[in-house]
Amino acid sequence: LHTKGLSSCSRTAAGCVKPKHMISDCMSRARCCFRHELLSATECGRMLTTAAGQSVGTGQRAVFDEELQSTRRAGYAQRVAQSLKDCGDNWEQSEAAKFGVLYEHAADNLLDRLLDTTKSFRNVLEVGCGAGHLSRKLGRQGFESVTLCDPSDACLNLSMQQAIACNVPVMERSSDVSSDMPSGNNSTLCRPDRLPYAENTFDLVISNLSLHWVNDLPLALKEAKRVLKPDGLFLMSILGGQTLSELRQAFVAADLERRGGVAPHVSPMAGIGDLGNLLSLAGLSLTTADSQSFPIMFPDPL
C-alpha cells in the first residue's frame, strides 16, 4: 500500500463524515503511523500460499468492485509512467520508489525466500504485477522465462517495460483471451482467479501484495495450483492482520460520534490464523506462513 492510496481513502471518508476535521482529529490521535502486517507463505511440495480477504462464492455479494479496482490500478500505473518520464526513467527518483516503499520491501522479502531453496526455476509466473516493483527484480534470479499477468492493461504494460529495461527474460504479451483459451506462457491481461494457462506450466508462481484484493481468493489459489508444475513453488505476500488498524479505529470513532453507526472504510484483513483454512480449501500442503509488522510514518493524517 502506498501513501497515495491512504490519502485518497482519507479524503473520501472525510467527504462522507462531516465535519472534515473529525477524521483529521481522530487520525491525528493515531499519530499518523500506520502499521502494515505482511503475511507470507511458501510451500515446497506442490505449492504454497498465503491469503487475506473474504471468499465470495456463487450468488454472494462481492467485497471489491473489480472494475473500480482496475481503474484505480490503471491510474496509479499512469502516474508512475508519467513520473518516470519526468525524471528520465530513473526508477529511484520516480513516484513508484517514493510511494511504493512497502511494495519494494515485500518484493525483496519474497526474493530473499528463494535463497532458502536449492531448487532451480525455469518458467516463472507473476500474478498481479502492478506497477512492476517485483517484475523489475526478477532478472537477478537466472530464470529462463518470466510471464506477467494483471487485470489492468496499464499495469501490465508498465511492468513489462520495467522488466525489459532491467533485462528480465519476460515473455511477450499475447492478445487478450478468456480463461478457457490457454495462451501458452505469454504475458497477458487476466484476473488472478481466471488464469488463461494450461495445467503444469510454471515452476514458480509468485505474487506481491496483490491477492488480498481478490473477491474469490480460494478460487485464485486453486488457479495458481492448477498452473504450477508438480514439485513447484508458490510464493505470495499480502496485507493482513492488523494492517491499517489505526486508520480503521479512527473511522470507527468518527462514525460513532457523527453518525451513531459504523460503516466499513478499510478493506477486510485476515489474520495469520485464517491462513490454514484458506490453504486447506485450495488443497495445498507442506506450507509455511509468517507475518511481519512494517510501520510507516506519514507527515499528516490526510
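**Exercise 1. The neighbours of strand S3**

How many bridges join S3 to strand S4 (residues 188–189), and which way do the two strands run? Work out as well how S3 is covered.

*Solution.* A word on the model before we start: it is predicted, so local features need pLDDT of at least 70 and side-chain atom pairs count only at pLDDT 80 or more, while totals for chains, interfaces and linings use all residues. Residues are numbered from 1 along each chain as its sequence is written, and side-chain values use heavy atoms, with hydrogens and water left out.

Step 1. Fix the terms. Helices (H or I, at least four residues) and strands (E, at least two) are DSSP runs, numbered from the N terminus. Two strands pair if DSSP finds at least two bridges between them.

Step 2. Look towards S4. Two bridges join S3 to S4, and the strands run parallel. Within S4, Leu 189 is the bridge partner of Asp 150.

Step 3. Look towards S2. Here five bridges make the link to S3, again with a parallel run. Leu 125 stands opposite Thr 147 of S3.

Step 4. Check the cover. Buried means under 20% relative accessible area, exposed over 50%, and partly exposed in between (1.4 Å probe, protein chains only). Six of the six residues of S3 (residues 145–150) are buried, so the strand is largely enclosed by the rest of the structure. One side carries Ser 145, Thr 147 and Cys 149, the other Val 146, Leu 148 and Asp 150, and both faces are covered.

**Exercise 2. The cysteines**

Find how many disulfides the structure holds, and explain the result for Cys 129.

*Solution.*

Step 1. Recall the chemistry: a disulfide is a covalent bond between the sulfur atoms of two cysteines. The test used here is a pair of cysteine sulfur atoms within 2.5 Å.

Step 2. Apply it. The structure holds zero disulfides. For Cys 129, the closest cysteine sulfur is in Cys 149 at 6.8 Å, which is too far for a bond. Cys 155 is in no disulfide either; its nearest cysteine sulfur, that of Cys 129, is 6.8 Å away.

Step 3. Add the accessibility. Cys 129 counts as buried because its relative accessibility is 4%, and Cys 155 counts as buried at 2%.

**Exercise 3. Two positive phi angles**

Which is buried and which is partly exposed: Asp 231 or Leu 244?

*Solution.*

Step 1. Start with the background: most residues other than glycine have a negative phi.

Step 2. Take Asp 231, in strand S6 (residues 228–240). Its phi is positive, about 65 degrees, although it is not a glycine. With a relative accessible area of 46%, Asp 231 is partly exposed.

Step 3. Now take Leu 244, in the loop between S6 and helix H8 (245–259). Leu 244 is not a glycine either, yet has a positive phi of about 60 degrees. At 5% relative accessibility, Leu 244 counts as buried.

**Exercise 4. Helices H6 and H7**

Describe the surroundings of Gln 162 in helix H6 (residues 153–165), then describe helix H7 (residues 217–227).

*Solution.*

Step 1. Gln 162 counts as buried because its relative accessibility is 11%.

Step 2. List its contacts (heavy atoms within 4.5 Å). Not counting residues up to four places away in sequence, Gln 162 touches Leu 84, Trp 91, Ala 131 and Arg 136.

Step 3. Turn to H7. Eight of its 11 residues are buried, so this helix is largely enclosed by the rest of the structure. Among the buried residues are Glu 223 and Lys 225, along with Leu 217 and Val 227.

Step 4. Inspect the start of H7. A side-chain oxygen of Asp 216 reaches to within 3.3 Å of the backbone nitrogen of Leu 219.

**Exercise 5. The aromatic pair**

Which two residues form the aromatic pair, and how are their rings arranged?

*Solution.*

Step 1. Set the rule. Rings of Phe, Tyr and Trp (its six-membered ring) pair if their centres lie within 6.5 Å; planes under 30 degrees apart count as stacked, over 60 as edge-to-face and the rest as tilted.

Step 2. Count. The rule gives one aromatic pair. Tyr 197 and Phe 202 form this edge-to-face pair, at 5.3 Å centre to centre with 85 degrees between the planes.

Step 3. Check burial: Tyr 197 and Phe 202 are both buried.

How values were computed. A polar contact is a pair of N or O atoms within 3.5 Å; within protein, one must be able to donate a hydrogen and the other to accept it, and residues adjacent in sequence count only if both atoms are side-chain atoms.
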